[in-house]
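Here is an informal tour for anyone meeting this molecule for the first time. Have a look at it, then read on.

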Amino acid sequence: MLKHFLQFRDLSRDEHLYLFERARVIKSRFKRYEPYHPLADRTLAMIFEKSSTRTRLSFEAGMHQLGGSAIYLNTRDTQLGRGEPVEDAGEVISRMVDIVMIRTFEQEIIERFASHSRVPVINGLTNEYHPCQVLADIFTFIEHRGPIHGKTVAWIGDSNNMCNTWLQAAELLDFNVHVSTPPGYEVEPERAGLYGTDHFESFVDPMDACRGADLVTTDVWTSMGWEAENDARMKAFADWQVDAEMMAVAKPEAVFMHCLPAHRGEEVTAEVIDGRQSVVWDEAENRLHVQKALMEYLLLGKLET
Ligand code: CP
Ligand code: NVA
């Protein structure tokens with residue numbers, strides 16, 4: 001059956017747990033330099049309507065490492081930028097490749113593409129969600145601290161695509177998210193695609209959100225697409241900078257994560273992101289391993305490990 005990964009909850013709890021285990025196996029074989037080419041002759045098309053370093057590199061390198069090839073497309077150089085309907089692009093592109101990754105603006109765009117695609121479509125970031133990143137983040141947490149079930153994640157800053165995805169993941173994998181945003185930037189449960197509100201709690205003061213947390217995380221104050229609001233956001237978010245004081249009220253063994261790119265001195269201090277609790281480089285690397293597990297699963301289904 002054709003499966004897409006357009007938002008975190010497109011896969012079940014069991015499928016996510018399988019992916020974490022599979023990513024562990026794929027990563028350890030890769031670290032031992034064992035060749036593994038289950039996707040030989042398969043092609044990934046990557047469509048970027050926004051900038052990227054990690055997403056492009058991890059998908060392109062990952063597909064290559066699995067024996068397949070990847071093609072980079074962007075709005076500027078394709079007919080998508082000249083008004084070709086996204087539904088037509090879905091029909092055509094999915095007849096020529098085996099799997100597609102898209103980074104775009106509204107979630108609706110990727111959903112329209114997927115509804116006309118014959119092959120799996122992966123969300124490489126939309127305004128609403130960034131599921132591949134949270135997959136990597138949870139895998140990183142598991143590597144460092146064990147299962148995330150029952151743990152508390154503190155989300156400090158903007159209620160953006162990363163925050164929404166953390167909230168969906170919390171419902172599915174049964175952990176808690178403490179969110180603190182400036183007034184006017186609160187979570188919109190409908191936009192986050194939440195079923196209930198049992199797994200998240202809002203805090204006015206970011207210190208209270210961090211208290212007792214197992215993981216503290218944040219993201220840029222101005223996401224791609226919101227650049228016109230940058231000046232207003234710099235003012236509104238000034239007190240939502242993750243600093244050593246916030247980390248000090250989290251659990252002593254708490255880790256710090258950031259999906260990157262980061263702005264030291266804005267959403268996080270250099271002391272925290274470059275400090276001993278930060279796992280941001282592992283988090284970035286793990287995009288590669290989890291996405292290899294994801295592409296393998298969407299194309300080949302569950303494999304014996
Ligand atoms: N974290 C992330 O998705 O990074 P890029 O924007 O560089 O792909
Ligand atoms: N929230 C950020 C994430 C970048 C990887 C953005 O959407 O720009």
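Which helix and strands do the buried residues of H4 pack against? They pack against helix H3 (86-96), strand S3 (99-103) and strand S4 (121-123). Before going further, some ground rules: this is a predicted model, where local features need pLDDT of at least 70, side-chain atom pairs count only at pLDDT 80 or more, and totals for chains, interfaces and linings use all residues. Residues are numbered from 1 along each chain as its sequence is written, while chains are lettered from A and ligands numbered from 1 in the order in which they are written.

Helices (H or I, at least four residues) and strands (E, at least two) are DSSP runs, numbered from the N terminus. Back to helix H4 (residues 107-115): its buried residues are Ile110, Phe113 and Ala114. They span an arc of only 95 degrees around the axis, so they sit on the same side of H4. That arc is taken from the directions from the helix axis to the C-beta atoms. "Buried" here means that 20 or more other C-beta atoms lie within 10 Å of a residue's own; 12 or fewer makes it exposed, anything in between partly exposed, and C-beta atoms are placed from the backbone. "Packing" rests on contacts, meaning C-beta atoms, placed from the backbone, within 7 Å.

**Two domains**

The domain assignment gives domain 1 (4-130 + 285-300) and domain 2 (133-283), with bounds that come from an automatic or database domain assignment. Their centres, taken over C-alpha atoms, are 24 Å apart. The contact takes 23 residues from domain 1 and 25 residues from domain 2. On the domain 1 side, H1 and helix H12 (280-300) are the elements giving two or more residues.

Inside domain 2, strand S6 (residues 176-180) is mostly covered, with four of its five residues buried. S6 pairs with strand S5 (residues 152-156) in the parallel sense over five bridges, where pairing means that DSSP finds at least two bridges between the strands. Trp155 has Val179 in S6 as its bridge partner.

**The ligands**

Where does ligand 1 lie relative to the two domains? Both domains give residues to its shell, so ligand 1 lies between them. Ser52, Thr53, Arg54, Thr55, Leu125, Gln133, Cys259 and Leu260 surround ligand 1; around ligand 2 are Leu125, Asn160, Asn161, Met162, Asp219, Val220, Ser223, Met224 and Cys259. A residue is near a molecule if its C-beta atom, placed from the backbone, lies within 6 Å of it. By class, ligand 1's shell has three nonpolar, four polar and one charged residues, and ligand 2's has five nonpolar, three polar and one charged. Ala, Val, Leu, Ile, Met, Phe, Trp, Tyr, Cys and Pro count as nonpolar, Asp, Glu, Lys and Arg as charged, and the others, Gly among them, as polar.

**Some backbone oddities**

Most residues other than glycine have a negative phi, and most peptide bonds are trans. Here are some spots that go the other way:

| Spot | Backbone value | Place |
|---|---|---|
| Tyr33 | phi near 60 degrees | loop between H1 and S1 |
| Asp174 | phi about 60 degrees | loop between helix H6 (161-173) and S6 |
| Leu260 to Pro261 | cis, omega near 5 degrees | Pro261: loop between strand S9 (255-258) and helix H11 (270-273) |

Tyr33 is exposed, because 6 other C-beta atoms lie within 10 Å, whereas Asp174, with 15, is partly exposed.

Technical notes. Contact = placed C-beta atoms within 7 Å.
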